[in-house]
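Colleague: I should like to learn how strands and helices are read in a structural model. May we work through some examples together?

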Protein chains: 2
Amino acid sequence: MKCLKNQPIGIFDSGIGGLTVARSIRKALPGENMIYFGDTARVPYGNKSRDTIIRFACEIVKFLVKKKVKMIVIACNTASSFSLNAIKKIYSGPVIGVISPGVKEAIDVSENGRIGVIGTNSTINSRSYNKEIAKYGPDIKFFSESCPLFVPLVENKFSNDDIAYDVAERYLKELKKKHIDTLILGCTHYPILKKVISSVMNGIKLVDSSSAVAKKVKDVLVKEDLLLSDKRSQGWTRCYVSDDVKGFRVDARIFFKKDISIKKAVL
Amino acid sequence: MKCLKNQPIGIFDSGIGGLTVARSIRKALPGENMIYFGDTARVPYGNKSRDTIIRFACEIVKFLVKKKVKMIVIACNTASSFSLNAIKKIYSGPVIGVISPGVKEAIDVSENGRIGVIGTNSTINSRSYNKEIAKYGPDIKFFSESCPLFVPLVENKFSNDDIAYDVAERYLKELKKKHIDTLILGCTHYPILKKVISSVMNGIKLVDSSSAVAKKVKDVLVKEDLLLSDKRSQGWTRCYVSDDVKGFRVDARIFFKKDISIKKAVL
């Protein structure tokens with residue numbers, strides 16, 4: 001199995017946001033090799049339909065399979081909401097989405113059992129979080145809100161701006177009345193808005209699922225005997241994007257906090 | 001040439017915004033048949049690269065050619081900025097973009113020769129408007145500003161909101177100092193924000209290029225002897241989108257002001 005262990009972890013997102021997940025995996029598993037695909041030519045997914053998102057996700061998975069990945073991480077809430085089962089049909093290795101680790105983390109940290117989630121229109125309308133939360137029984141109370149302007153605010157450099165606060169106040173107004181003590185950031189862009197969301201949701205714990213996903217990745221690799229145990233060497237990260245590399249390189253530093261090798265790959 | 005005259009006009013945009021152009025063409029030429037393609041699976045184009053936009057535009061043109069269109073209207077400023085020449089290489093009929101009609105209109109209405117344009121990042125960075133304006137000589141002074149959050153504001157129903165005013169104030173702050181008397185709305189979404197932009201740019205004439213484009217379409221059809229002169233019958237409009245029809249149908253009414261036949265077409 002040495003060969004399989006050496007193979008990279010495949011991670012994908014609609015664009016750049018999933019690099020927050022890749023970064024957590026890199027932290028948790030410094031020796032692993034990683035291939036990241038960002039579908040920047042077709043970003044964003046958050047207002048798009050189930051069928052289209054499944055089609056895009058399966059095209060990306062076929063690309064990652066050619067790169068001989070040993071597991072797949074769907075580092076995008078919208079893609080996780082719709083395409084997990086479709087991917088399992090075309091890929092026989094382990095597949096991890098961000099929904100279930102994020103929910104588990106929220107259940108662990110919540111004290112009053114009242115949990116909120118915010119995400120894109122497609123994620124919230126898919127009810128993927130509702131279904132996952134329901135597995136923990138009827139005692140958990142769950143509230144959700146879509147915040148479709150959050151991604152454009154992040155992508156257009158409004159993350160620390162009064163306008164972002166005003167938008168957050170608007171979107172989170174109803175959630176603030178629900179007495180939740182935990183809020184899942186159900187979109188990989190939202191950790192960049194943590195300061196704004198924290199300020200509006202004063203005192204509420206925010207769950208950024210990226211570290212929970214990294215933990216799950218490690219658990220699965222151990223269970224499947226796929227963990228690269230060689231801790232002496234630093235693993236490599238290769239990034240592919242479907243649009244041009246230039247703009248992505250600058251923003252990638254904000255999300256991944258390190259320079260990475262980036263290439264263009266048209267699907 | 002009767003056969004050619006009966007063929008539809010092909011119009012395309014990254015998504016829904018180009019329906020404002022289609023609506024103007026419908027008004028100016030009620031007897032013409034029209035096929036509209038909205039690339040809703042890959043929208044928006046406004047932050048994407050030249051190469052990707054050219055690739056998408058050429059794929060759409062091939063689709064429209066199969067539908068036997070008699071001319072092509074690029075009803076999208078970003079696509080017009082990059083793909084006009086590439087389309088002319090693969091399509092032998094008349095091709096019209098929105099840049100040159102918009103500029104001509106602005107030159108006609110400006111009294112002090114100081115003209116502004118606002119658009120997406122890609123449109124403004126392409127300098128397509130600068131190049132077009134330069135054709136009118138050095139006496140015309142030209143100023144531009146990219147307003148990347150305007151499209152998400154429109155698409156997420158913030159068009160008549162205080163937040164849209166705040167964003168507009170921010171984006172237009174520098175333009176307000178330039179003593180322009182005319183501002184080109186260099187994105188097909190922006191007419192939906194006319195009230196907000198008017199209020200911020202108090203007293204300045206706004207040029208929505210859609211009616212100028214419709215006029216140009218008519219001129220070209222007359223010149224090429226392609227105008228459908230049968231005024232007795234109302235022409236049909238058929239719309240294709242690359243993502244699902246459902247969400248598009250609701251918003252199409254805001255842009256086109258009428259119900260239209262909409263089908264999904266994966267390129």
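Modeller: Certainly. Please bear in mind that this is a predicted model. Let us begin with a pair of strands: strand 2 (residues 34-38) of chain B pairs with strand 9 of chain B in the parallel sense, over five bridges.

Colleague: Which residue of strand 9 of chain B does I35(B) stand opposite?

Modeller: I35(B) stands opposite R238(B).

Colleague: How many bridges join strand 9 of chain B to strand 10 of chain B?

Modeller: Pairing is recognised where at least two bridges are found between two strands. Here there are four bridges between strand 9 of chain B and strand 10 (residues 261-264) of chain B, and the two strands run parallel. Within this pairing, C239(B) has I262(B) of strand 10 as its bridge partner.

Colleague: What unit do strand 9, helix 12 and strand 10 of chain B make?

Modeller: They make a β-α-β unit, with helix 12 comprising residues 245-256, and the unit is right-handed.

Colleague: Is strand 9 of chain B mostly covered or mostly uncovered?

Modeller: A residue counts as buried when its relative accessible area is under 20%. Strand 9 of chain B, residues 237-241, is mostly covered, with four of its five residues buried.

Colleague: Let us turn to chain A. Which residues point each way from strand 3 of chain A?

Modeller: In strand 3 (residues 71-74) of chain A, M71(A) and V73(A) point one way, while I72(A) and I74(A) point the other way. All of these residues are buried.

Colleague: Which residues stand opposite V73(A)?

Modeller: I11(A) stands opposite V73(A), and the pairing of strand 1 (residues 9-13) of chain A with strand 3 of chain A is parallel, over four bridges. V73(A) also stands opposite I96(A) in strand 4 of chain A. Strand 3 and strand 4 (residues 95-96) of chain A run parallel and are joined by two bridges. From strand 3 the chain crosses through helix 4 (residues 77-90) of chain A to strand 4, in a right-handed β-α-β crossover.

Colleague: Finally, at what angle do the axes of helix 9 of chain A and helix 9 of chain B cross?

Modeller: An angle over 145 degrees counts as roughly antiparallel. The axes of helix 9 (residues 162-172) of chain A and helix 9 (residues 162-176) of chain B cross at roughly 170° and come within 10 Å. The two helices are therefore roughly antiparallel to each other. Their contact is made by I163(A), D166(A), V167(A) and R170(A) from chain A, and by I163(B), D166(B), V167(B) and R170(B) from chain B. By class, this contact has four nonpolar and four charged residues, with no polar ones.

How values were computed: Residues numbered from 1 in each chain as written. Chains lettered and ligands numbered in written order. Predicted model: local features only at pLDDT ≥ 70, side-chain atom pairs only at ≥ 80, totals over all residues. Heavy atoms only, no water. Buried < 20%, exposed > 50% of the residue type's maximum accessible area, 1.4 Å probe, protein only. Right-handed = clockwise from strand over helix to strand, strands pointing away. Axes fitted to C-alpha atoms, helices over the stretch in contact; angles between N-to-C directions. Parallel < 35°, antiparallel > 145°, perpendicular 65-115°, else oblique. Contact = heavy atoms within 4.5 Å. Nonpolar A, V, L, I, M, F, W, Y, C, P; charged D, E, K, R; others polar.
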